[in-house]
Amino acid sequence: MEFIDSHCHLAMDAFSEDRHEVIERFFKEGGISLLSVSTNIDEFYLNKELCEKYSGIYTSLGWHPHDAKVFGKKEEDFLKEVASKKLINAVGEIGLDFYYDNSPREEQIRAFEIQLRIAKKFNLPVIIHTRDADGETASVLRKHRGIRGVIHCFTSGEDFFDTAVKLDFYISFSGIITFPKAEDLRKLVKKAPIDRVFFETDSPYLSPVPFRGKRNEPLRVKHTIEKAAELKEMDAKTLSSIANNNFYNLFGKNPF
Ligand SMILES: [Zn+2]
C-alpha cells in the first residue's frame, strides 16, 4: 500500500535525535509523500532542508492560532516572500483555537484573516486548525470564499463537517478516529465523500491505537487509513490511493 501523511511536524524538537531515521522508515514502508508543517521561520528553514533532501517531502508555513500574538509585520513579510517564491505548497496551519485561548481571540481572527488573504493572493491552499470555534471559523471561511484548503485533524461536529464540504474543503482525519471514545467522529468518516478525504498523523502528537501515549511518527498514518477503510467497508489500498490523489489535487506538485 502506498500512502501519504498529509500533516506532521518533523521540524519539532521531538524529532531532533532521529529525524532522518523516522523519514527513511516512512519511505521504506510505503510512504510516498508527507507534508511537514512549519509554524515559524526556524521551522521553515529546517523543513526546506528536508524538502531539498527528500523528493517526497512538502512543506507549508503559517502561524498557528496559539501564536497569533507573535504574528507581526516581520512574519507577514516572510510568509509573503516564501509564498511568492513558491517555496511552500500551502499556508497553514492557521485558524482559531478557542479551547486553549493561548492568544486573545481578536488577535487570532486578525492573524487568520491576514494569512487567508496571502493564500488567496498567491493562489495557495490553506491548512485549517479549528477547536471550539467552529461557528467563527465557518464565518471567516465564508467571508473568504474561493480559497481551497483542508480542515486538518478533523474533530468537529456534523454541522461544521457539512459546512466544510459545502465550501469545497477537504477533510483530513488523524489517529483520533481509532480512539475508543471517538464514535461520533467515526460516523463522519463513514459519511465523508471519498473525493474529499485524506489522512494525517499530526506527529509528534496523537499516536493512534495501539501506540497511544508514545511519540507519533508519519509511518503510523497506515493505522488510521486501515481504520477508515474498515469504517467505509473498502479495501485499504484502494482508499489510500484515492486519498493520495486528493492530496495531490489540493497541494499540487512539489516545488523542490
Ligand atoms: Zn499540526
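Student: Helices here are DSSP runs of H or I with at least four residues and strands are runs of E with at least two, both numbered from the N terminus. What kind of model is this?

Tutor: It is a predicted model, in which local features need pLDDT of at least 70 and side-chain atom pairs count only at pLDDT 80 or more, while totals for chains, interfaces and linings use all residues. Residues are numbered from 1 along each chain as its sequence is written, and side-chain values use heavy atoms, with hydrogens and water left out.

Student: Let us begin with the metal. Which residues coordinate the zinc ion?

Tutor: Two histidines, His7 and His9, contribute their NE2 atoms. Glu93 donates through OE and Asp202 through OD, and the distances are 2.1 to 2.5 Å. Donors are N, O and S atoms within 2.8 Å of the metal (3.2 Å for Na, K and Ca), and sites may look incomplete, as water is not among the atoms.

Student: How are those donor residues spaced in sequence?

Tutor: The pattern is H-x1-H-x83-E-x108-D. Histidine 9 sits in the loop between β1 (3-8) and α1 (19-28), and aspartate 202 in the loop between β8 (197-199) and α8 (221-231), so this pair ties together parts that are 193 residues apart in sequence.

Student: Is histidine 9 buried or exposed, and what of aspartate 202?

Tutor: Histidine 9 is buried, as is aspartate 202. Buried means under 20% relative accessible area, exposed over 50%, and partly exposed in between (1.4 Å probe, protein chains only).

Student: Aspartate 202 interests me. Which residues are closest to the centre of the largest pocket?

Tutor: The largest pocket holds about 560 Å³ of space. It is lined by 23 residues, and the closest to its centre are Asp97, Tyr100, His129, Arg131 and Asp202. The last of these, Asp202, is also a donor to the zinc ion. On a 1 Å grid over the protein atoms alone, a pocket is an open set of points with protein on both sides within 12 Å along at least five of seven lines, a cavity is a set where a 1.4 Å probe fits but cannot get out, and lining residues have an atom within 4 Å of a point. Points are joined across faces, edges and corners, and a volume is the space filled by probe spheres set on them.

Student: Which strand gives the most to that lining?

Tutor: β5 does, with 3 residues. Both β4 (91-97) and β5 (126-131) supply at least two residues.

Student: And the second largest pocket: which helix gives the most to its lining?

Tutor: Helix α7, residues 183-191, gives the most, with 4 residues. This pocket has about 420 Å³ of space. Its lining comprises 15 residues, and Ile176, Lys181, Ala182, Asp184 and Leu185 are the closest to its centre.

Student: How many cavities of 30 Å³ or more are there?

Tutor: The count comes to 1 cavity, with about 40 Å³ of space. The residues lining it are Ile4, Ser6, Phe198, Phe199, Ala243, Asn244 and Phe247. The elements that give two or more residues to this lining are β1, β8 and α9 (236-251). Helix α9 gives the most, with 3 residues.

Student: Changing topic, how many residues of strand β3 are buried?

Tutor: In strand β3 (residues 57-61), 5 of its 5 residues are buried.

Student: Which residues lie on each face of β3?

Tutor: Ile57, Thr59 and Leu61 are on one side, and Tyr58 and Ser60 are on the other; both faces are covered.
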